[in-house]
Amino acid sequence: MATLTAADVAHFKDEGFHCGLRSLSSAALLAARAAYAALETKHDRQFLSVGVHNTHLLPWGWAIASSPPAVAAAAELLGSADVVCLGSHVFCKYGPSEEFVSWHQDATYWRLSHPAGSEGEAGRESVVVSVWTALDDVPLETGPVRMVPGSHKAGYLPHELGAAEAQGENLLSQRQLCPVAPEDEATAVSMVLKAGEVCAKRCGAAQCPCDDADRCVRAYPPQASIHDGLTVHGSEPNRSQLRRLGVTHLYARADVVTPKDAWPNSVLVNGAASSAKGALELLPTPASA
Ligand SMILES: O=C(O)CCC(=O)C(=O)O
């Protein structure tokens with residue numbers, strides 16, 4: 001599968017994100033959707049919206065975490081062949097609802113830093129990137145992730161914890177908020193994504209050679225967006241009738257500096273583990289689907 005072009009990388013360095021990475025095989029998408037459907041029979045929506053973590057340790061989630069285009073893109077943007085997946089997190093917004101995600105930076109909230117301590121410097125590589133993979137189509141009305149272009153260049157920005165809600169419910173557990181000026185907010189770009197054109201007989205028999213609505217996926221790979229750990233991002237409520245399901249994976253250089261024991265579920269996805277003192281302890285590679 002194709003990964004980032006030189007123009008994509010230049011855009012990422014300049015704006016702090018890339019939208020439309022073709023990240024996953026259709027089979028992996030179907031397996032993930034089936035696994036999530038099984039979770040939906042056991043848990044309530046409040047848990048499902050933000051309580052499903054570390055799916056990269058499960059066979060269906062490992063297929064997403066280790067997907068070659070996502071890993072190749074992460075390695076390129078991190079400037080290191082040695083890449084770990086620190087964690088994964090499902091974000092599901094059932095519409096219509098007022099749930100939203102406040103503006104924040106991942107690297108600041110998770111206290112992740114570069115071994116050389118050069119965050120926010122012009123031209124420096126990312127210390128961490130997040131790949132958000134669409135498991136449902138994410139049209140504008142479902143409240144896609146929004147990025148503030150160029151915000152990664154400012155380095156670590158102050159966050160308020162437990163910010164008061166203007167309205168609705170903040171899906172971030174600590175309600176962390178990085179204040180964004182209205183003129184910057186007005187430039188935010190929505191990560192509108194497609195989840196691989198699952199047939200479900202919506203495309204019509206003339207275009208779809210397969211009659212099996214449950215298993216047919218047309219040849220359009222699921223899409224993902226990828227953002228720098230310092231890019232300010234968030235999302236607005238899903239006021240549609242649709243479900244907006246996606247899973248985000250946090251990838252870092254193997255020599256990332258983190259608070260001690262903060263990432264007990266880290267797994268190497270490419271290259272070699274760091275042998276530096278205090279380096280992350282890694283779990284063995286999870287079983288594949
Ligand atoms: O899914 C969302 O709305 C927010 C996702 C997010 O904050 C992230 O992937 O880092």
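**Exercises on a predicted model**

Val83 touches Val71, Ala74, Ala75, Leu78, Tyr251, Arg253, Ala254, Val269, Asn270 and Gly271, leaving out residues up to four places away in sequence; contact requires C-beta atoms, placed from the backbone, within 7 Å. Residues are numbered from 1 along each chain as its sequence is written. The model is predicted: local features need pLDDT of at least 70, side-chain atom pairs count only at pLDDT 80 or more, and totals for chains, interfaces and linings use all residues.

**Exercise 1.** Determine the exposure class and contacts of Val50.

*Solution.* Val50 lies in helix 3 (residues 45–50); helices are DSSP runs of H or I with at least four residues, strands are runs of E with at least two, and both are numbered from the N terminus. Val50 is partly exposed because it has 19 C-beta neighbours inside 10 Å; 20 or more would make a residue buried, and 12 or fewer exposed. Beyond four places in sequence, Val50 contacts Phe91 and Leu171. Val50 and Leu171 are 121 residues apart in sequence, yet their C-alpha atoms are 6.5 Å apart.

**Exercise 2.** Describe the burial and pairing of strand 8.

*Solution.* In strand 8 (residues 223–228), 6 of 6 residues are buried. Gln223, Ser225 and His227 point one way, and Ala224, Ile226 and Asp228 the other. Next, consider pairing, which needs at least two DSSP bridges between two strands. Strand 1 (residues 17–22) runs antiparallel to strand 8, with 5 bridges; Leu21 is partnered with Ala224. Strand 4 is also antiparallel to strand 8, with 5 bridges, and Ser130 is partnered with His227.

Note on methods
Two residues are in contact if their C-beta atoms, placed from the backbone, lie within 7 Å.
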